Amino acid sequence: MTNSPISPFQSPAPKTLTVSQLNRQVRSLLESNFDFIWVEGEISNFAEPSSGHWYFSLKDGAAQVRCAMFRNRNQRIRFRPSNGSAIRMRCRVSLYEGRGEFQLIAEHIEQAGAGALQAAFEQLKAKLLAEGLFAAERKRALPEQISRLGIITSPSGAAIHDILTVLARRWPAIEVDILPVAVQGEAAAGEIAAAIARANRLHSAGKVHFDALIVGRGGGSLEDLWAFNEEIVARAIVASQLPIVSAVGHEVDFTIADMAADARAATPSAAAELLSPDQNEWLQRLRNLELNLQRQIQRKIMDAKRELEQLRKRLRHPGQQLREQAQRLDEMEQRLVRAQHQQLERRRSQLQLLESRLMANSPQTAVTQLQGEVAKLRQALEAAMQRKLQQAATQLSQLAKLLDSVSPLATLDRGYSLITTAEGSVLRDSSTVEVGDRLTARLARGSLSLSVEAISSPEEDRKN
């Protein structure tokens with residue numbers, strides 16, 4: 001069999017390519033016809049071998065494509081992607097020649113939706129700002145004293161642990177009610193708004209008395225914190241009759257809830273510090289009150305001493321004057337005792353009021369200790385008062401004895417008598433009576449009725 005000659009009009013046979021040549025040409029064709037593009041999708045089949053390169057598939061609801069991001073590029077990414085992560089990727093189109101697989105070579109990736117979320121954040125912020133929801137004059141002042149606090153957060157998050165730790169350290173007497181909610185996910189915003197409304201209903205109905213609410217969570221990405229950027233949460237905060245402190249994320253995080261709240265705390269711990277007094281400061285204030293009470297009592301005692309000394313100097317020797325002064329001294333002594341008791345009662349009432357406040361807002365151990373100290377001071381005061389009264393009584397007795405020693409009655413006690421006429425005049429001259437007149441002789445004990453039988457003149461008495 002012979003071969004037929006080739007016709008001059010017949011096309012030459014097509015060039016045959018190897019698989020490697022084909023893949024190379026396709027790769028060149030793809031890379032030369034596509035500039036850098038942005039692609040959005042969900043990561044799956046994520047892998048990171050020891051080389052440090054990332055390999056994964058990017059998919060949507062209908063298709064997927066293989067992707068690679070080499071180590072020198074992925075080291076610049078601030079977050080670590082994982083299966084299920086929604087991302088936006090800046091990449092170039094290529095082909096992996098070894099397997100003939102179409103793939104995308106990533107130059108940069110970012111979390112998908114971050115730009116959209118930021119735009120939504122700014123849009124809602126502008127809307128609520130225009131409505132006046134962020135106005136300072138609308139916001140409620142935080143109460144000076146907190147006895148019961150409602151905390152709206154996740155019961156298992158780090159935020160509630162930080163809040164409870166700070167409250168236990170600063171003012172453990174504050175009662176805490178945790179209103180558990182989801183702080184992340186689609187249902188979180190609705191749960192947070194419902195919890196705010198529920199706390200207000202309980203307070204209005206008198207079932208639970210809340211002084212304030214904390215709404216917050218720990219830090220996270222913009223998506224993690226998004227529940228606190230929802231309009232439903234902002235309006236629930238504004239509608240609340242209870243003061244609300246927003247404590248969302250870390251110090252650098254700022255949400256719509258922070259702007260709508262009555263006060264913003266940089267962290268959950270800072271919110272707890274904002275709403276709780278420092279028990280050490282209150283204990284110092286109580287010590288200062290105690291010292292002030294002691295000083296006032298000392299001043300009262302010194303005033304009483306001076307007044308008692310003045311009364312002592314005003315005493316006179318004659319019996320009637322002495323009795324009047326003694327009576328006045330007794331009255332002043334009684335007034336002093338009443339004044340001291342009244343002062344003590346007032347101080348007791350003040351102390352009881354302080355004790356009741358402290359029992360409501362302070363650790364019981366410290367209050368009990370201070371009550372013991374006040375009782376000791378009260379006992380010392382009463383003992384000092386008794387000593388001073390005893391000293392005054394002793395001084396009064398001594399003065400009475402001194403007056404008795406110079407009294408005319410003491411002369412009678414030595415055997416003398418006092419003779420008076422029937423009219424009651426003291427008899428000093430025998431010439432003023434006549435025989436038969438009736439006289440009275442007053443002795444130291446008792447008196448005698450006398451009748452004049454004879455009268456002698458002073459000259460006769462001298463002769464005899």
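Trainee: Why is F56 called buried?

Mentor: F56 has a relative accessible area of 0%, and buried means under 20%, exposed over 50% and partly exposed in between, with a 1.4 Å probe and protein chains only, so F56 counts as buried. Keep in mind that this is a predicted model, where local features need pLDDT of at least 70, side-chain atom pairs count only at pLDDT 80 or more, and totals for chains, interfaces and linings use all residues. Residues are numbered from 1 along each chain as its sequence is written, and side-chain values use heavy atoms, with hydrogens and water left out.

Trainee: What makes F46 and F56 a stacked aromatic pair?

Mentor: Their centres are 6.3 Å apart and their planes differ by 25 degrees. Rings of Phe, Tyr and Trp (its six-membered ring) pair if the centres lie within 6.5 Å, and planes under 30 degrees apart count as stacked, over 60 as edge-to-face and the rest as tilted. Both values meet those limits, so F46 and F56 are a stacked pair. F46 belongs to strand 1 and F56 to strand 2, 10 residues apart, and the pair links distant parts of the chain. A search of the whole structure finds 2 aromatic pairs, and F46, W54 and F56 form one aromatic cluster.

Trainee: How do you know that strand 1 and strand 2 pair?

Mentor: They are joined by 4 bridges and run antiparallel; two strands pair if DSSP finds at least two bridges between them, so strand 1 and strand 2 qualify. Strand 2 covers residues 54-59, and strands (E, at least two residues) and helices (H or I, at least four) are DSSP runs numbered from the N terminus. You can locate the pairing at S44, which stands opposite S57 in strand 2. The hairpin of these two strands has 6 residues between them, and there G52 takes a positive phi near 90 degrees.

Trainee: Which order do the strands of the barrel follow?

Mentor: The barrel is closed by 5 strands in the order 1-2-3-5-4, with mixed pairing. The twist there averages 55 degrees from one strand to the next; axes are lines fitted to C-alpha atoms, for helices over the stretch in contact, and angles run from 0 to 180 degrees between N-to-C directions. Strand 1 (residues 37-47) also pairs with strand 4 (residues 86-96), antiparallel over 6 bridges, with E40 opposite R88. Strand 4 pairs with strand 5 over 10 bridges, again antiparallel, and Y96 has E101 of strand 5 as its bridge partner.

Trainee: What makes strand 11 and strand 13 edge strands?

Mentor: Each of them pairs on one side only. They belong to an open, antiparallel sheet of 3 strands in the order 11-12-13. The twist averages 25 degrees from one strand to the next. Strand 11 meets strand 12 (residues 438-442) over 4 bridges, and T421 stands opposite L439 in strand 12.

Trainee: Why is the contact of E97 with R27 called a salt bridge?

Mentor: Their closest N and O atoms are 3.2 Å apart. A salt bridge is a side-chain nitrogen of Lys or Arg within 4 Å of a carboxyl oxygen of Asp or Glu, so E97 and R27 pass the test. E97 sits in the loop between strand 4 and strand 5, R27 in helix 1, 70 residues apart. E97, with 25% relative accessible area, is partly exposed, and R27, with 33%, is partly exposed too. Both belong to a network of salt bridges that links R24, R27, E31, R73, R92, E97 and E107.

Trainee: How do you know that R264 and D258 form a salt bridge?

Mentor: The closest N and O atoms lie 3.5 Å apart, which means that they are within the 4 Å limit. R264 is partly exposed at 28%, whereas D258 is buried at 2%.

Trainee: Where do R235 and E231 lie?

Mentor: Both are in helix 6 (residues 231-239), 4 residues apart, about one turn of the helix. Their side chains meet in a salt bridge of 2.8 Å, N to O. R235 is partly exposed at 34%, and E231 is partly exposed at 26%.
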